[in-house]
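I opened the model today to go through its helices, its core and its aromatic rings. My entries follow in the order in which I looked things up.

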Amino acid sequence: MVAGLSLQALGMGWIALIADSGLTYSEFLLPSIVAGVGVSMAIPSAQNSVIGSFSLEEVGKAAGANSMMRELGGVFGVAVAAAVFAGAGSYTSPGGFLNGFAPAVAVLAGFSVLGALVALALPGRRRTAETAPVGAVPALEGAGGG
């Protein structure tokens, strides 16, 4: 999740830095690929971490809550980007568009950095009986006392 969000931030920050009226598609392609690879890494890893944190009885609720939060995050991101664009740019000219586009994309890159920092604070994967190395002996509950 950290790597994916970091790549997404890198790609979007790169786009924000190079955005100008003379930008060609070929110059836009590589940072778009970097951001796309990042998002394609982050979304499944976030979903897997949520699903892997709950019992089979609770996994449906967890998946639903995860989907709702992902949608809410998308709506919030679009709303903030639109507000930043509206405050700094316009559709009246290419220059006016770029005046809003670059800051809006930079704010979204900042959200990706913030997400990567939050992901760093998440607990690591816990080993279960299914993922423990062969030969490992699981700890017994209640062991150690008479």
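**Entry 1: helix lengths.** I took the expected span of a helix as 1.5 Å times one less than its number of residues. The model is predicted, and I wanted to see whether its helices fit that rule. Helix 3 covers residues 59–88, 30 residues in all, so it should span 44 Å; I found its end C-alpha atoms 43 Å apart, which agrees. Helix 2 has 27 residues and should therefore span 39 Å, and its end C-alpha atoms are 38 Å apart, which also agrees. For the 17 residues of helix 1 the expected span is 24 Å, and the end C-alpha atoms are 24 Å apart, again in agreement.

**Entry 2: overall layout.** I counted four helices and zero strands. Along the sequence the pattern reads α-α-α-α. Of the contacts with a separation of 6 or more, 61% join residues 24 or more positions apart. I noted that 21% of the 146 residues count as buried. The accessible surface comes to about 9900 Å², and carbon and sulfur atoms hold 68% of it.

**Entry 3: confidence.** The average pLDDT is 86, and 84% of the residues score at least 70. Among the elements, helix 1 has the highest mean pLDDT, 96, and helix 2 the lowest, 91.

**Entry 4: what each helix buries.** I started with helix 1, where G4, L5, Q8, A9, G11, M12, G13, I15 and A16 are buried. These residues pack against helix 2 and helix 4. In helix 2 the buried residues are P31, V34, A35, G38 and A42, and their cover includes helix 1. In helix 3 I listed A62, N66, G77, V80, A81 and F85 as buried. The cover over them includes helix 2 (25–51) and helix 4 (94–120).

**Entry 5: the core.** Which residues make up the largest nonpolar core? I found six: M12, I15, A16, A35, V105 and A109. Helix 1 and helix 4 each supply at least two residues of this core. The largest share, three residues, comes from helix 1. I then checked A109, leaving aside neighbours within four places in sequence, and found A109 in contact with A9, M12 and G13.

**Entry 6: two polar residues, Q8 and S112.** Is Q8 buried or exposed? Q8 lies in helix 1 (residues 2–18). Its relative accessible area is 16%, and the limit for buried is under 20%, so Q8 counts as buried. Not counting residues up to four places away in sequence, Q8 touches V34, A35, G38, V39 and S112. I followed the last of these contacts to S112, which is found in helix 4. With a relative accessible area of 4%, S112 is buried too. With neighbours within four places set aside, S112 is in contact with L5, Q8, A9 and M12.

**Entry 7: S67.** I looked next at S67 in helix 3. S67 has a relative accessible area of 29%; that falls between the 20% and 50% limits, so S67 is partly exposed. Q47 and S67 are 20 residues apart along the chain, and I noted 8.5 Å between their C-alpha atoms.

**Entry 8: aromatic rings.** How many aromatic pairs are there? With ring centres within 6.5 Å as the rule, I got five aromatic pairs. In one of them, F85 and Y91, the ring centres are 5.0 Å apart and the planes are at 40°, so the pair is tilted. The two residues contrast in exposure: F85 is buried at 12% relative accessibility, whereas Y91 is exposed at 70%. F85 and Y91 form one aromatic cluster together with F97 and F101.

**Entry 9: recap.** Two residues came up repeatedly in my notes. M12 is a member of the largest nonpolar core, and M12 is also among the contacts of both A109 and S112. F85 is listed with the buried residues of helix 3 and belongs to the aromatic cluster.

Methods:
Residues are numbered from 1 along each chain as its sequence is written. This is a predicted model: local features need pLDDT of at least 70, side-chain atom pairs count only at pLDDT 80 or more; totals for chains, interfaces and linings use all residues. Side-chain values use heavy atoms; hydrogens and water are left out. Buried means under 20% relative accessible area, exposed over 50%, partly exposed in between (1.4 Å probe, protein chains only). Contact means heavy atoms within 4.5 Å. A nonpolar core is a set of buried Ala, Val, Leu, Ile, Met, Phe, Trp, Tyr and Cys residues joined through side-chain atoms within 4.5 Å. pLDDT is the predictor's confidence in each residue, from 0 to 100. Accessible areas come from the Shrake-Rupley method with a 1.4 Å probe; for residues, only the protein chains shown count as cover. Rings of Phe, Tyr and Trp (its six-membered ring) pair if their centres lie within 6.5 Å; planes under 30 degrees apart count as stacked, over 60 as edge-to-face and the rest as tilted.
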